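Please explain how this protein model is arranged, beginning with how exposure of a residue is judged and then turning to its core and its pocket.

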Amino acid sequence: MSDNTRIALDKEELRFLIADILALDVEEVTDDADFVQDLEVDSLMALSIVFRLERQYGVKLEERDLKQVSSLVQVLQLITDKRSVPAAS
């Protein structure tokens with residue numbers, strides 16, 4: 001098992017990371033806050049989130065993946081899924 005799959009993803013760490021990227025109070029990034037409707041995330045902010053998530057968690061996120069997520073809980077699940085799949089060589 002790789003280091004990525006052994007280390008559990010911490011939801012609170014992810015919450016702080018997204019709040020930092022969006023320059024929001026951590027309390028605003030609730031589990032089910034919609035990124036676009038509630039947090040007013042635009043396409044540039046979304047790219048910033050993707051870049052930081054890829055660097056922080058060592059995953060590669062595709063555009064189609066991003067269209068499926070709109071909340072912290074969904075991002076958590078996406079990254080967890082990506083980290084559990086072995087990278088293609």
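A residue counts as buried under 20% relative accessible area, as exposed over 50%, and as partly exposed in between, with a 1.4 Å probe and protein chains only. Glu12 has a relative accessible area of 37%, so Glu12 is partly exposed. The model is predicted: local features need pLDDT of at least 70, side-chain atom pairs count only at pLDDT 80 or more, and totals for chains, interfaces and linings use all residues. Residues are numbered from 1 along each chain as its sequence is written, and side-chain values use heavy atoms, with hydrogens and water left out.

Glu12 belongs to helix α2, residues 11–22; a helix is a DSSP run (H or I, at least four residues), numbered from the N terminus. Between the C-alpha atoms of Glu12 and Val26, 14 residues apart along the chain, the separation is 9.1 Å.

The largest nonpolar core (buried Ala, Val, Leu, Ile, Met, Phe, Trp, Tyr and Cys residues joined through side-chain atoms within 4.5 Å) has 24 residues. Two or more residues of this core come from each of α2, α3 and α5, and α2 gives the most, with six residues. Leu14 is among the residues with the most contacts inside the core. Beyond its neighbours within four places in sequence, Leu14 is in contact (heavy atoms within 4.5 Å) with residues including Leu53, Tyr57 and Ile79.
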